[in-house]
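Please find below my notes on this model, set out as numbered points. They take up strand pairing, nonpolar cores and enclosed space, in that order.

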Amino acid sequence: MTENNRFKQTYCNPLPIPHCPRGVDFPGCMDFTGEPPEDYRSISDPSVLYYEGKWYLYPSYGIVYVSEDFIHWEYVPTTPDTVGYSPAIVHRNGIFYLMGHSSPVVYSSSSPTGPFTPIGNLTDRNGTEFSVADPALFCDDDGEMYLYWFGIVEENGEQITRTLGARLDRDKPNLLATEPVEINRFHPEHTWECTGQRNQNARYGWIEGQWLIKKNGRYYLIYSGSGTQYASYAMGVYYSDKGPLEGFIYQPNNPLTSSGRGLVSGGGHGCVVEGPGDSLWAFYTIPVSYSHCFERRIGMDPVYLDENGFMYCQKVTDTPQFGPGTPQTLAGEPDTGLLPLTFAERACHRGSSWTEGHKPLYALDESMLTWWQPAPEDKEPSLLIFFEYAIFTVEAMRIIWREVGLDYENGVLPAPFRYKLEGSLYPDRDFFLLLDETENSIEENIAYRTFPPRNVRYLRFTITGWGEGLQPGVISFTAFGRHSYLTRGETGV
């Protein structure tokens, strides 16, 4: 990023986390399509640890990413290289404990980045080893540790999903010290918990993705509903002033994070974690669900407490926001005011080429399920956008890539994309450089960049390089900025 731009301390969802891991098929998930699963990348179900002024993010299949500035993430290889879906992490007395979805193994390490070694298998009060779905670990102020997880009970011939919790043995935290208790369960009157794209299944809800945080003496249970493949995916809150296993009350202003539309739909299965300046942040899962129903990305937004101690998130965002610890965010005003300028510019764009079914329009249609794909013979494909009725001041851009032809088994692997963005006030001449990533070495399937403001009527986005064996696809190209009050006469056009 250029140093003299005004928005260098901003982020934009979905988060541009590098080295997004390979997606792994979940048994039965693609059966309903009749199509074999294809290679894809996915990052989801984040558990985040705030430790010694850094964030440590543990997603499904990614193990750990670290951020020192709370905006840029670094992938840190560790052992084991994955614990599967839905990692759970907690810190107690210099030791970090880690678990994964449907695995009995409990790991520990003296470092948040590992290596992690097994301390034993999860074992109940009867000495029986077992595993849990979507584990969550919590350490209270007195050092006692607790485990929360997704459970199912059958009543009247129907399956009801719920949250279960138990205290762990203080000296051997792979052992349950108490019998499990039910914390909450699916309630059909909580419409957002009902499964389906529009929460249409009022008889079934998927209560999962548990997380517990304590703030100002109050316990908050974060959980998810509707199903990870749906745009209605969301997180909600129960709270308790009694203890970590009792007295939980449904918060009145639920859900906490919910979108239901656009590129950043959903907002489920994640966590609420502390950040700089005593702030709170929600990390959540964003559905993509094209190559696989569990193809996903990650977003984040600030969380606040109202006068009653209830959690709220102003909105799930898809535009540039000021980052954690900035004066704007700490004051409760995180939005930069930068608007997406390129969505649905249908009549005012053209691409240098395209393949059948993947016209340039699909880079601008605000959908995760479509993309612009240039023709294979186009060695430097470009997208030209004309703002027909206005001049805009542009200051940021986001690209969501589709890696067509990804094939890990045959050596077609993710690689850095290279590109540039130019602007002009005139048709087909006098283009100036806004952003130069023609030497980009960062491997990321989402890119967000900011740059000094310039007035434009034309934008030209050019792809200059990509990985061997791949074909570049652009799910979304978005330029962000504001309306400029220059007139066409002032620009000479």
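1. Y304 stands opposite Y312 in strand 23, and strand 22 and strand 23 pair in the antiparallel sense over two bridges. Strands here are DSSP runs (E, at least two residues), numbered from the N terminus, and two of them pair if DSSP finds at least two bridges between them.

2. As to provenance, this is a predicted model, in which local features need pLDDT of at least 70 and side-chain atom pairs count only at pLDDT 80 or more, while totals for chains, interfaces and linings use all residues. Residues are numbered from 1 along each chain as its sequence is written, and side-chain values use heavy atoms, with hydrogens and water left out.

3. The pairing of strands 22 and 23 belongs to an open, antiparallel sheet of four strands in the order 20-21-22-23. Strand 20 and strand 23 (311-312) are its edges, each having a single partner strand, so one side of each is left without a neighbour in the sheet.

4. A further open sheet of four strands, again with antiparallel pairing, runs in the order 25-33-28-31. Here strand 25 (339-340) and strand 31 (446-456) stand at the edges with a single partner strand each, so one side of each has no neighbour in the sheet. Strand 28 (residues 391-404) is joined to strand 31 by eight antiparallel bridges, and T393 has N455 in strand 31 as its bridge partner.

5. The largest nonpolar core (buried Ala, Val, Leu, Ile, Met, Phe, Trp, Tyr and Cys residues joined through side-chain atoms within 4.5 Å, buried being under 20% relative accessible area with a 1.4 Å probe, protein chains only) has 37 residues, and W55, F283 and M311 have the most contacts inside it. Among the elements that give two or more residues to this core are strand 3 (54-58), strand 20 (268-275) and strand 22 (296-305), whereas strand 21 gives the most, with six residues. Apart from it lies another core, of 28 residues, including L341 and Y419.

6. The whole structure holds three cavities of 30 Å³ or more, a cavity being a set of points on a 1 Å grid over the protein atoms alone where a 1.4 Å probe fits but cannot get out, with lining residues having an atom within 4 Å of a point. The largest cavity contains about 60 Å³ of space, the volume being that filled by probe spheres set on the points. Strand 16 gives the most to its lining, with three residues, and D45, D134, W211 and H269 are among the lining residues.

Definitions and conventions. Buried < 20%, exposed > 50% of the residue type's maximum accessible area, 1.4 Å probe, protein only. 1 Å grid on protein atoms, 1.4 Å probe; cavity = no way out; pocket = protein on both sides within 12 Å on 5 of 7 lines; lining within 4 Å.
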